[in-house]
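Colleague: I'd like to learn how to read pockets and contacts in a model like this one. Can you walk me through it?

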Amino acid sequence: IHSHIIYDVDDGSDSKEKSIEYLKEAKKCGIEKIVCTPHIRRGNREKIEKIIKHFLELRTYAEELEIELYLGTEILITENTCELLKKKRLRSINGNKYILVEFRRDENMDIDSLIEKLEELSDTGYIPILAHPELYINYRKINDMKRIRDCGVLLQLDATSINKTTTTSKIYKFSKKLLKERLIDVVASDTHCTKKRNYLSFYKAYKFVSKKYGQEYADIIFKENPNDIIKEHN
């Protein structure tokens, strides 16, 4: 439910050829559904039009590989995010009630204020999914994550965060704590079509979680929950 495979719209894939290459990699890894979530913050109409155009072009290639592509966005939370959501200037996942959101990695507002921001988003009628909570350096506390989740926010872990070769020791250790506490609702590739952040890392993460935390939990956060999120409709 989190990928930057649409080309030439953000810091993900920079060409159609690269996007097609990583679609083929996804196919080899057994992935059948991908939500495209390019970065967005202001709801710029010109950028949105470009995103949609490139998405539709890429979807044609995905269909040939029997991969279903869905459109969403990764929304950076700012002061006017709620207003933009109300005006339908920001896109939810597959047009439903779930929105993938993020803070800046070095965000330093107090936890009460951060939770208030997330609750404001919920008040607009959407269900926030917080992207990569393990990456926010000022909130690596289990109690903070429990409080965030208790207010109805889902937590999405990046696959690369549970691979020692693709992340830092602090991120790796906190990610394992989140999994041990069963606080993660979804694991996603967050692919940027690079050697480090790709669909192979997602496949490896599934194997790791299955072995360490059990097949049942792995299937819930890699398959069942993501599928429910994609298929949910208003």
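Modeller: Sure, and keep in mind that this is a predicted model. Let's begin with what a pocket is: an open set of grid points with protein on both sides within 12 Å along at least five of seven lines, and a residue counts as lining when it has an atom within 4 Å of a point.

Colleague: With that in hand, which residues lie nearest the centre of the second largest pocket?

Modeller: Those are Ile 48, Lys 88, Arg 89, Leu 90 and Arg 91, out of 15 lining residues. The volume of the second largest pocket is about 230 Å³. Helix 2, residues 45-64, gives the most to its lining, with 4 residues. Sorted by class, that lining has 7 nonpolar, 4 polar and 4 charged residues.

Colleague: What is the general idea behind finding such spaces?

Modeller: You roll a probe the size of a water molecule over the atoms, and that shows where empty space is left. In this model, the largest pocket holds about 500 Å³ of space. It has 23 lining residues, and the closest to its centre are Ile 31, Glu 32, Lys 33, Phe 202 and Phe 222.

Colleague: Which helix gives the most to the lining of the largest pocket?

Modeller: Helix 8 does, with 5 residues. Strand 1 (33-36), strand 8 (186-188), helix 7 and helix 8 each supply at least two. By class, you get 15 nonpolar, 5 polar and 3 charged residues in the lining of the largest pocket.

Colleague: Let's stay with helix 7 and helix 8. How do I read their packing, and at what angle do their axes cross?

Modeller: For a helix pair, look at the distance between the axes, the crossing angle and the residues in contact. Helix 7 covers residues 199-213 and helix 8 covers residues 215-231; their axes come within 7 Å and cross at roughly 145°. On the helix 7 side, the contact includes Phe 202, Tyr 206 and Tyr 213, and on the helix 8 side it includes Tyr 217, Ile 221 and Phe 222. The residues of this contact divide into 9 nonpolar, 2 polar and 2 charged.

Colleague: Ile 31 came up at the largest pocket. Is it buried or exposed?

Modeller: For that you check the relative accessible area, where buried means under 20%. Ile 31 comes out at 12%, so it is buried. It sits in the loop between helix 1 (16-28) and strand 1. Leaving aside residues up to four places away in sequence, Ile 31 touches Ala 26, Ile 67, Tyr 199 and Phe 202.

Colleague: And what about Leu 65, which lies in the loop between helix 2 and strand 3 (68-71)? What is its relative accessible area?

Modeller: Leu 65 has 23%, so it counts as partly exposed. Again not counting residues up to four places away in sequence, Leu 65 touches Leu 23, Lys 24 and Lys 27.

Colleague: Last one: why is strand 7 described as largely enclosed by the rest of the structure?

Modeller: Count the buried residues along the strand. In strand 7, residues 154-158, 5 of the 5 residues are buried, so the rest of the structure largely encloses it. Leu 154, Gln 156 and Asp 158 point one way, while Leu 155 and Leu 157 point the other way. Strand 7 also pairs with strand 6, residues 127-131, in the parallel sense over 3 bridges. Within that region, Ala 131 stands opposite Gln 156.

Technical notes
Residues are numbered from 1 along each chain as its sequence is written. This is a predicted model: local features need pLDDT of at least 70, side-chain atom pairs count only at pLDDT 80 or more; totals for chains, interfaces and linings use all residues. Side-chain values use heavy atoms; hydrogens and water are left out. Axes are lines fitted to C-alpha atoms, for helices over the stretch in contact, and angles run from 0 to 180 degrees between N-to-C directions. Contact means heavy atoms within 4.5 Å. Ala, Val, Leu, Ile, Met, Phe, Trp, Tyr, Cys and Pro count as nonpolar, Asp, Glu, Lys and Arg as charged, and the others, Gly among them, as polar. On a 1 Å grid over the protein atoms alone, a cavity is a set of points where a 1.4 Å probe fits but cannot get out, and a pocket is an open set with protein on both sides within 12 Å along at least five of seven lines; lining residues have an atom within 4 Å of a point. Grid points are joined across faces, edges and corners, and a volume is the space filled by probe spheres set on the points. Buried means under 20% relative accessible area, exposed over 50%, partly exposed in between (1.4 Å probe, protein chains only). Two strands pair if DSSP finds at least two bridges between them.
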